[in-house]
Amino acid sequence: MIIGITGWFASGKDLASEFLKDKGFGIISLSDIIREYLAKKKLEPTRDNLQKMGNELRKKFGPDFLAREALKRIKKDNRRENFAIPSIRLPAEAKTFHKNSNFQLWEIYAPVKIRYQRLIKRARTTDEKNLTFAEFKHKENLENGSDPSTQQVGKVIRMADLRIRNTGSIAGLKQKINKTLLKFAPKSQPNADKNIIDSNIKNPNLTRSPRRKTKRLNVDDYFMKIALVVSERATCRRHSVGAIIVKDKVILATGYNGAPKGAKDCLELGCLRDKLGIPSGQRNEICRAAHAEQNAIIQSAGGLGSTNGATMYCTHSPCNVCAKMMANAGISEVVVFEKYADQQFKKLFKELGIKVRRIKKPELSIDFYE
């Protein structure tokens, strides 16, 4: 298994690599390959020198040169089966790695203001310690050029197979990485080392059994699992949210967070809220996407019946705007498992008698019987 890691400055890429190293992964750093070339020329491995040398190597040997060099080293290493490649910054590199069927590209994500605070706190050099927020964003923009031989982190991020949010503690990031390994590694490595995958945990992607299970999926888990599947269509770069409207155990409509029909989405354009450093749950009016709950209500206009007295199953609790739309649509109950940052809906729902239930996230498995 080969895991590539991408993300902006100070998002937590190095931490993720260290966690994978603790799990037995070999680390093949593209930056270390560049450092070897800097050492030959007796140049200091500063960030500017790393960027300059990396660009020179790519222009001379091809934009995927570092990826090809990394794959050569992986092939020569007979001690391990699992490797992590931190800091992939070019689409050509990601494409070369993706030619391997056992490769996954992970984005480690954190908002720009949090990343800036982390960089100042860790301050490896005097230059970093004295870096202003404007200078930080300028340096970040240098990693997002248009030349295919230079760094294009934004494009690489849009190629990622999954995103891991790193907005909390180090322990929280480690837990998310462990869960991600449990979710994805068994599919590509059913006989993986126990240090990586707990052999007592079944493959969460799909399980087949020769006998019918005795416990039937309950109604809440049934509809919430469908909402989770709907969320996979989301085009928001911060949250994947899915919502369904149910009445008399019949689905009236579904919705996910994304740009209006025919409009370019945030996967293509990037996240404006990230660029402006706006925290989750604030300034929703500038977001390009309509929320999942809003889209479900809009879709219900041509659906199977009135939403009056219906239940909304949604992966996240609603923002205040969605809450007002739910009230006007006659939604009588909302079922969620995840909390959204905006919690203003509670006062309105209490006033109107709209019931809110928070349930446990359903198991991400499908018990399929042939």
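**View 1. Lining of the largest cavity in the predicted model.** Nineteen residues line the largest cavity, and those nearest its centre are Cys236, His239, Asn257, His291 and Tyr340. The structure shown is a predicted model. The space inside the largest cavity comes to about 210 Å³. Sorted by class, the residues of its lining are eight nonpolar, eight polar and three charged. With a lower limit of 30 Å³, the structure holds one cavity.

**View 2. An open sheet of five strands.** The strands of this sheet follow the order 8-7-9-10-11, and their pairing is mixed. Strand 8 and strand 11 (355-358) are the edge strands; each has a single partner strand, so one side of each has no neighbour in the sheet. From one strand to the next, the twist averages 20 degrees. As a general point, strands of a sheet pair through backbone hydrogen bonds, in either a parallel or an antiparallel way.

**View 3. Strand 10 beside strand 11.** Strand 10, made of residues 333-336, runs parallel to strand 11, and four bridges join the two. Within this pair, Val336 stands opposite Arg358, a residue of strand 11. Strand 11 is also one of the two edge strands of the sheet, with a single partner strand.

**View 4. Helix 11 across the sheet strands.** Helix 11 covers residues 219-231 and lies across strand 7, strand 8, strand 9 (311-314), strand 10 and strand 11. The angle between helix 11 and strand 7 is about 140 degrees. In the order of the open sheet, 8-7-9-10-11, strand 7 stands between strand 8 and strand 9.

**View 5. The loop between strand 7 and strand 8.** Which two strands does the loop holding Asp248 connect? Asp248 is found between strand 7 (242-247) and strand 8 (250-256), and Lys249 lies in the loop between these strands as well. Asp248 has a positive phi of about 55 degrees, although it is not a glycine. Lys249, also not a glycine, has a positive phi of about 65 degrees.

**View 6. Asp248 and Lys249, side by side in the chain.** Are these residues, Asp248 and Lys249, buried or exposed? Exposed means a relative accessible area over 50%. Asp248 has a relative accessibility of 71% and therefore counts as exposed. For Lys249 the relative accessible area is 63%, so this residue is exposed too.

Conventions: Residues are numbered from 1 along each chain as its sequence is written. This is a predicted model: local features need pLDDT of at least 70, side-chain atom pairs count only at pLDDT 80 or more; totals for chains, interfaces and linings use all residues. Side-chain values use heavy atoms; hydrogens and water are left out. Buried means under 20% relative accessible area, exposed over 50%, partly exposed in between (1.4 Å probe, protein chains only). On a 1 Å grid over the protein atoms alone, a cavity is a set of points where a 1.4 Å probe fits but cannot get out, and a pocket is an open set with protein on both sides within 12 Å along at least five of seven lines; lining residues have an atom within 4 Å of a point. Grid points are joined across faces, edges and corners, and a volume is the space filled by probe spheres set on the points. Ala, Val, Leu, Ile, Met, Phe, Trp, Tyr, Cys and Pro count as nonpolar, Asp, Glu, Lys and Arg as charged, and the others, Gly among them, as polar. Two strands pair if DSSP finds at least two bridges between them. Axes are lines fitted to C-alpha atoms, for helices over the stretch in contact, and angles run from 0 to 180 degrees between N-to-C directions. Contact means heavy atoms within 4.5 Å.
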